[in-house]
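Reader: Hey, got a minute to walk me through this model? I'd like to talk side chains and packing.

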Amino acid sequence: MQHRTATVQPTAGDLLSPAPPDIQTMRDSARRAMNFEGNDLKLDTLIALLQGHVRLLVPEIRALVQTAPAGDQTALIAQVGVDEAWRRVNTTAFGADALNRQARKLAMSTLSLCDHWENLTSPSV
């Protein structure tokens with residue numbers, strides 16, 4: 001007698017963390033990057049932190065966009081923000097000025113993704 005086992009593909013929901021993202025901490029990190037004054041080592045650490053925030057938020061927001069009704073404007077706008085943030089997180093910068101620009105762009109993306117996450121998870125009025 002043969003037994004077959006079905007291979008179950010993970011869904012977006014399976015890949016998401018059970019706890020909601022810490023939006024306030026992410027916003028605080030982004031604000032620090034926008035007002036950054038310090039050495040390159042600290043800036044590298046801040047960039048890595050912001051990249052981590054983006055990498056956490058992108059799948060969360062993508063899953064929310066997928067569950068939104070077709071044509072939902074909030075979801076469509078969020079998808080544009082997700083695409084832009086993903087491009088920014090996968091861009092490498094060289095030199096001090098480039099690192100500062102990268103940190104600011106990642107900070108703007110982090111703030112934008114936080115807004116999108118809140119817009120997509122808040123109950124409709």
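Author: Sure, and keep in mind that this is a predicted model. Let's begin in helix α4, residues 73-89, where R88 and E84 are four residues apart, which puts about one helical turn between them.

Reader: What do R88 and E84 form, and how far apart are the closest N and O atoms?

Author: They form a salt bridge, with the closest N and O atoms 3.1 Å apart. As for E84, its relative accessible area is 27%, so that residue is partly exposed.

Reader: How many salt bridges does a search of the whole structure find?

Author: Five. Another one pairs D28 with R31, at 3.3 Å between the closest N and O atoms.

Reader: How far apart are D28 and R31 in helix α2?

Author: They're three residues apart in α2, so about one helical turn separates them. D28 is partly exposed at 34% relative accessible area, and R31 is partly exposed too, with 41% relative accessibility.

Reader: What does E118 form a salt bridge with?

Author: Its partner is R27, and the closest N and O atoms there are 2.8 Å apart. E118 belongs to helix α5 (residues 96-121) and R27 to helix α2 (residues 23-34), so this pair ties together parts that lie 91 residues apart in sequence.

Reader: Is R27 buried or exposed?

Author: R27 is buried, at 12% relative accessible area. E118 is partly exposed, at 34%.

Reader: Which residues are linked with R27 in a network of salt bridges?

Author: D115 and E118.

Reader: OK, switching to rings. How many aromatic pairs does the structure hold?

Author: Zero. There is a charge over a ring, though: the charged end of R62 sits over the ring of W86, 5.6 Å from the ring centre.

Reader: Let's zoom out. What does the secondary structure come to?

Author: Five helices and zero strands. Going along the sequence, the pattern reads α-α-α-α-α.

Reader: What share of the chain's residues count as buried?

Author: The chain has 125 residues, and 32% of them count as buried. On contacts, take those between residues at least 6 apart in sequence: 75% of them join residues at least 24 apart.

Reader: How does the reach of α3 compare with what's expected at 1.5 Å a residue?

Author: It's close: α3 has 28 residues and reaches 41 Å from its first C-alpha to its last, against an expected 40 Å.

Reader: What goes on at the start of α3?

Author: There, a side-chain oxygen of N39 comes within 2.8 Å of the backbone nitrogen of K42.

Reader: And the loop between α3 and α4, which residue lies there?

Author: D72 is one of the residues in that loop. A polar atom of the D72 side chain lies 3.4 Å from the backbone nitrogen of T74. D72 itself is partly exposed, with a relative accessible area of 26%.

Reader: Back to packing. Where is the place of Q51?

Author: Q51 is in helix α3. It counts as buried, at 16% relative accessibility.

Reader: What is Q51 in contact with, leaving aside neighbours within four places in sequence?

Author: V89, Q102 and L106.

Reader: Tell me about Q102, then. Is that one buried or exposed?

Author: Q102 is buried, at 11% relative accessibility, and its place is in helix α5. Setting aside neighbours within four places in sequence, its contacts are I47, Q51, R88, T91, T92 and A93. So R88, which has a salt bridge with E84, turns up again as a contact of Q102.

Reader: How far apart are Q102 and V89 in space?

Author: 8.9 Å, C-alpha to C-alpha, with their positions 13 residues apart in sequence.

Reader: Last one: where is G52, and is it buried or partly exposed?

Author: G52 is in helix α3, and it is partly exposed, with 35% relative accessible area. Its C-alpha atom is separated by 9.7 Å from that of M26, a residue 26 places away along the chain.

Methods:
Residues are numbered from 1 along each chain as its sequence is written. This is a predicted model: local features need pLDDT of at least 70, side-chain atom pairs count only at pLDDT 80 or more; totals for chains, interfaces and linings use all residues. Side-chain values use heavy atoms; hydrogens and water are left out. A salt bridge is a side-chain nitrogen of Lys or Arg within 4 Å of a carboxyl oxygen of Asp or Glu. Helices (H or I, at least four residues) and strands (E, at least two) are DSSP runs, numbered from the N terminus. Buried means under 20% relative accessible area, exposed over 50%, partly exposed in between (1.4 Å probe, protein chains only). Rings of Phe, Tyr and Trp (its six-membered ring) pair if their centres lie within 6.5 Å; planes under 30 degrees apart count as stacked, over 60 as edge-to-face and the rest as tilted. A charge sits over a ring if NZ of Lys or CZ of Arg is within 6 Å of the ring centre and within 35 degrees of the ring normal. A polar contact is a pair of N or O atoms within 3.5 Å; within protein, one must be able to donate a hydrogen and the other to accept it, and residues adjacent in sequence count only if both atoms are side-chain atoms. Contact means heavy atoms within 4.5 Å. The expected span of a helix is 1.5 Å times one less than its number of residues.
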